[in-house]
Amino acid sequence: MGCFAGRFGRVEPRRVAGQFVTGLLSDLEVKTCWQLAEQAGHARPDAMQRLLYRAVWDADAVRDDLRQLITDRFGSPDAVLVVDETGDLKKGTHTVGVQRQYTGTAGRIENSQVGVFLGYAGRDGHTLIDRRVYLPASWTDDRDRCHAAGVPDEIEFATRSELAADMITTALDAGVPAGWVAADEAYGNSAAFRAHLRGHDLGYVLAVSRSHLVPLDGGKARVRADRIAADMPASAWQRRSAGAGSKGPRFYDWAWLDDVCTDADPDDGGHHSLLIRRNTSTGELAFYRCWTPTPATLAQLVRIAGIRWTVEESFQAAKGQVGLDQHQVRRWDSWHRFTTLALAALAVLAICAADATHDDPTDTGLIKLTVNEVRRLINACIIRPISDLAHRLHWSGWRRQHQARARRSHYTRRLNLELQP
């Protein structure tokens with residue numbers, strides 16, 4: 001709370017905001033205003049609801065302070081901005097942004113609300129630093145509906161890739177250090193989004209669909225990405241790890257084609273390429289459009305492609321640990337306020353996990369503290385202190401030791417499989 005406490009002009013909402021974030025960090029199974037108020041010792045949920053609805057404070061200003069805190073801790077010139085979206089299943093039609101639309105949460109078209117998020121992955125850790133609620137055209141075309149949900153009059157329809165581009169521009173204008181952008185094919189397929197990143201001199205590794213047309217021979221020919229992969233000789237593939245996963249190094253076969261031009265101008269500056277990933281066990285292919293302002297190596301591009309998964313880890317932690325998807329709000333301001341406070345709680349866990357230890361797990365026999373374990377310890381030591389703390393710390397150490405053993409076994413098995421002819 002210290003980094004943005006000054007954004008609250010009165011002590012009452014400042015105190016409630018602290019209780020709100022503390023409640024999100026607690027071990028409550030459900031984290032709505034009712035449960036958070038009970039956790040804080042309130043007789044009614046009015047103060048929590050007022051914080052999200054009528055209290056005077058600027059959620060974007062709090063977001064700015066939070067983003068600065070995160071970049072001060074994790075920032076580096078080669079950090080990666082990661083874009084992705086997540087959906088929450090909703091009933092009714094009055095909650096801001098809700099309609100029947102595709103959401104990856106359900107894997108199909110459902111009545112849902114979709115938020116676009118910006119993640120930040122530095123050398124020491126990663127978390128989410130910005131958010132936008134997606135308003136379909138059915139909303140922006142109905143100004144009465146928007147007015148009822150508190151949507152500002154100046155908000156117009158924007159695609160998800162446009163929302164992502166706006167968040168990236170806002171972050172760069174605020175001085176966030178970054179050298180790369182990673183995203184899935186919902187964003188990589190957008191030529192406008194790719195051009196926007198090149199305009200900022202940001203290198204990118206963006207997934208594209210298998211049917212994506214790749215310009216070759218100076219733009220004279222456009223060939224489907226999967227057709228290019230099929231014509232690749234066996235000698236073009238190299239086995240490399242995209243980073244460490246929970247079960248060992250994530251080895252894939254990679255092919256890299258650098259005879260690629262931009263969509264609009266064959267003389268566009270920088271270095272364009274197509275990166276192809278092949279699963280070593282299933283043969284499944286994934287494709288990436290890449291661009292760098294200066295020459296890059298295959299190892300660099302593979303690393304950035306692997307870092308995209310950090311946003312999935314952040315979503316899992318945000319929903320499983322701090323209740324990002326448990327809001328019960330309908331209005332524009334309330335959604336942004338709840339989500340901002342949830343990102344603040346997530347930042348606490350990410351920073352504490354990064355600060356807790358820099359020791360090599362192979363030296364201690366324990367894995368590094370995860371955000372899950374940090375939240376358990378915060379509850380045991382601070383939120384609801386227990387008398388037998390030594391017992392709880394013993395169990396924390398046992399879990400980390402057991403996870404370290406499991407990871408070593410997974411790593412050994414994965415390496416043995418990779419070494420088999």
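The residues that line the largest cavity in this predicted model divide into 4 nonpolar, 5 polar and 2 charged, and I would like to stay with that cavity for a moment before turning to a pocket and then to some helices. The structure holds 1 cavity of 30 Å³ or more, and about 70 Å³ of space lies in the largest cavity. If you want to find its wall on the screen, look for Thr-86, Asp-88, Gln-113, Val-114, Gly-115, Phe-117, Lys-319, Leu-324, His-327, Trp-335 and Thr-339, which line the largest cavity.

Which elements each supply at least two residues of that lining? They are β1, at residues 80-89, β3, at 108-121, and α13, at 332-356. Of the elements, β3 gives the most to the lining of the largest cavity, with 4 residues.

Let me move on to the second largest pocket, where about 700 Å³ of space lies. Of the 31 residues that line this pocket, the closest to its centre are Asp-184, Glu-185, Arg-308, Trp-309 and Glu-312. By class, the lining of the second largest pocket has 13 nonpolar, 7 polar and 11 charged residues. The elements that each supply at least two residues of this lining include the strands β1, β2 (99-103), β6 (203-208), β11 (271-279) and β12 (285-292), together with the helices α8 (185-188) and α12 (310-321). You will notice that β1 has now come up for the cavity and for the pocket.

Now to the helices. Two packed helices are described by the angle between their axes and the distance between the axes, and I will go through three pairs in that way.

We have already met α13 in the cavity lining, and its partner here is α4, which covers residues 59-74. The axes of α4 and α13 come within 10 Å and cross at roughly 15°. Angles under 35 degrees count as roughly parallel, and α4 and α13 are therefore roughly parallel to each other. Their crossing is left-handed. On the α4 side, the residues that meet α13 are Ala-59, Val-62, Arg-63, Leu-66, Leu-69, Ile-70, Arg-73 and Phe-74, and among their partners in α13 are His-336, Arg-337, Leu-343, Ala-347, Ile-351 and Asp-355. By class, this contact of α4 with α13 has 12 nonpolar, 2 polar and 4 charged residues.

The second pair lies earlier in the chain, where α2 spans residues 33-40 and α3 spans residues 46-53. Their axes come within 8 Å and cross at roughly 125°, and α2 and α3 are therefore oblique to each other. The crossing of α2 and α3 is right-handed. Cys-33, Trp-34, Leu-36, Ala-37 and Ala-40 in α2 are in contact with Met-48, Gln-49 and Leu-52 in α3, and the residues of this contact divide into 7 nonpolar, 1 polar and no charged.

The third pair keeps α2 and adds α1, which runs over residues 11-25. How are α1 and α2 set with respect to each other? The axes come within 9 Å and cross at roughly 100°, and α1 and α2 are therefore roughly perpendicular to each other. Gln-19, Phe-20, Gly-23 and Leu-24 in α1 meet Cys-33, Leu-36, Gln-39 and Ala-40 in α2, and by class this contact has 5 nonpolar, 3 polar and no charged residues.

Key
Residues numbered from 1 in each chain as written. Predicted model: local features only at pLDDT ≥ 70, side-chain atom pairs only at ≥ 80, totals over all residues. Heavy atoms only, no water. 1 Å grid on protein atoms, 1.4 Å probe; cavity = no way out; pocket = protein on both sides within 12 Å on 5 of 7 lines; lining within 4 Å. Points joined across faces, edges and corners; volume = space filled by probe spheres on them. Nonpolar A, V, L, I, M, F, W, Y, C, P; charged D, E, K, R; others polar. Axes fitted to C-alpha atoms, helices over the stretch in contact; angles between N-to-C directions. Parallel < 35°, antiparallel > 145°, perpendicular 65-115°, else oblique. Left-handed = near helix turned anticlockwise from the far one by under 90°. Contact = heavy atoms within 4.5 Å.
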